[in-house]
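Please walk through this structure with me, beginning with a charged pair within one helix and moving on to the aromatic rings, the loops and the confidence of the model.

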Amino acid sequence: MTFQPHSPSASLLDEIALALDITSLVLANWFHLAIRLGVPRKDCWNFERPSTQSPTNELFQYLEATRPRMTLKKLKDSLHELNRMDLLYYLDKQSLEGNA
């Protein structure tokens with residue numbers, strides 16, 4: 001999941017982070033995604049601490065550092081399991097299949 005700061009992929013991650021940072025009783029958020037991807041709960045709690053950075057961005061940085069070979073397909077599969085069809089649609093719309 002290596003993305004350059006000003007690449008289209010980086011702005012894509014920012015858009016996903018905006019959607020996942022929202023706390024909802026209905027939609028899965030960044031915490032659910034982290035657990036689905038196998039991130040230990042104690043690490044997830046670190047993402048929640050008061051910060052100027054979004055918890056989803058911290059999750060993506062964690063994944064980049066601990067799972068550099070994680071693919072876009074794994075992310076999409078996890079989003080599908082969480083029923084985040086809105087984000088799957090958004091990813092598909094961005095035509096990123098070639099970067100998986």
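Aspartate 77 and lysine 73 sit 4 residues apart in helix α5, and are therefore separated by about one helical turn. Their side chains meet in a salt bridge, with 2.9 Å from N to O, in what is a predicted model. Aspartate 77 has a relative accessibility of 33%, and so counts as partly exposed. Side chains of opposite charge can pair when their charged atoms come close.

A search of the whole structure finds 5 salt bridges, and another of them also involves helix α5. Glutamate 81 forms a salt bridge with arginine 36, the closest N and O atoms being 3.4 Å apart. This pair links distant parts of the chain, since glutamate 81 belongs to helix α5 and arginine 36 to helix α2, 45 residues apart. Glutamate 81 counts as partly exposed, at 49% relative accessibility, and arginine 36 is likewise partly exposed, at 39%.

A further salt bridge joins lysine 42 to aspartate 43, where the closest N and O atoms are 3.7 Å apart. Here the two partners fall into separate classes of accessibility: lysine 42 counts as exposed, at 55% relative accessibility, whereas aspartate 43 is buried, with a relative accessible area of 14%.

From charged side chains we can turn to aromatic ones. How many aromatic pairs does a search of the whole structure find? The search finds 3. Tryptophan 30 and phenylalanine 47 form one that is edge-to-face, with 6.1 Å from centre to centre and 65° between the planes. Because tryptophan 30 lies in helix α2 and phenylalanine 47 in helix α3, this pair ties together parts that are 17 residues apart in sequence. Both partners are buried, tryptophan 30 at 5% relative accessibility and phenylalanine 47 at 6%.

Phenylalanine 47 also forms an edge-to-face aromatic pair with tyrosine 62, with 5.6 Å between the centres and 70° between the planes. Phenylalanine 47 lies in helix α3 and tyrosine 62 in helix α4, so this second pair ties together parts that are 15 residues apart in sequence. Tyrosine 62 has a relative accessible area of 18%, and because the cut-off for buried is under 20%, tyrosine 62 is counted as buried. Ring pairs link Trp30, Phe31, Phe47 and Tyr62 into a cluster.

Tyrosine 62 leads on to helix α4 as a whole, which covers residues 55-66. At 1.5 Å a residue, the 12 residues of this helix should span 16 Å, and the end C-alpha atoms are 16 Å apart, which agrees. The buried residues of α4 are Pro55, Thr56, Glu58, Leu59, Phe60, Tyr62 and Leu63.

Several of these α4 residues recur in the surroundings of valine 39, a residue found in the loop between α2 (30-36) and α3 (41-48). Is valine 39 buried or exposed? With a relative accessible area of 3%, valine 39 is buried. Not counting residues up to four places away in sequence, valine 39 touches Ala34, Cys44, Phe47, Leu59, Tyr62, Leu63 and Arg67, a list that includes two members of the aromatic cluster, Phe47 and Tyr62. Valine 39 and leucine 59 are 20 residues apart in sequence, with their C-alpha atoms 8.8 Å apart in space.

A second loop residue to follow is arginine 84, found between α5 (72-81) and α6 (85-93). Arginine 84 counts as buried, at 2% relative accessibility. A polar contact of 2.7 Å joins the side chains of arginine 84 and aspartate 86. Leaving aside neighbours within four places in sequence, arginine 84 is in contact with Ala19, Leu20, Leu27, Ala28 and Leu79.

It remains to consider the confidence of the prediction. The chain averages a pLDDT of 84, and 84% of the residues score at least 70. Confidence is lowest in helix α1 (residues 8-21), at a mean of 82, and highest in α2, at 96. Over residues 2-8 the pLDDT is below 50, and this stretch has 7 contacts in the model beyond near neighbours in sequence.

Terms used:
Residues numbered from 1 in each chain as written. Predicted model: local features only at pLDDT ≥ 70, side-chain atom pairs only at ≥ 80, totals over all residues. Heavy atoms only, no water. Helix = DSSP H or I, 4+ residues; strand = E, 2+ residues; numbered from the N terminus. Buried < 20%, exposed > 50% of the residue type's maximum accessible area, 1.4 Å probe, protein only. Contact = heavy atoms within 4.5 Å. Expected span 1.5 Å × (residues − 1). Polar contact = N/O pair within 3.5 Å; in protein donor to acceptor, adjacent residues only side chain to side chain. Phe/Tyr/Trp six-rings, centres within 6.5 Å; stacked < 30°, edge-to-face > 60°. pLDDT = per-residue confidence, 0-100. Salt bridge = Lys/Arg side-chain N within 4 Å of Asp/Glu carboxyl O.
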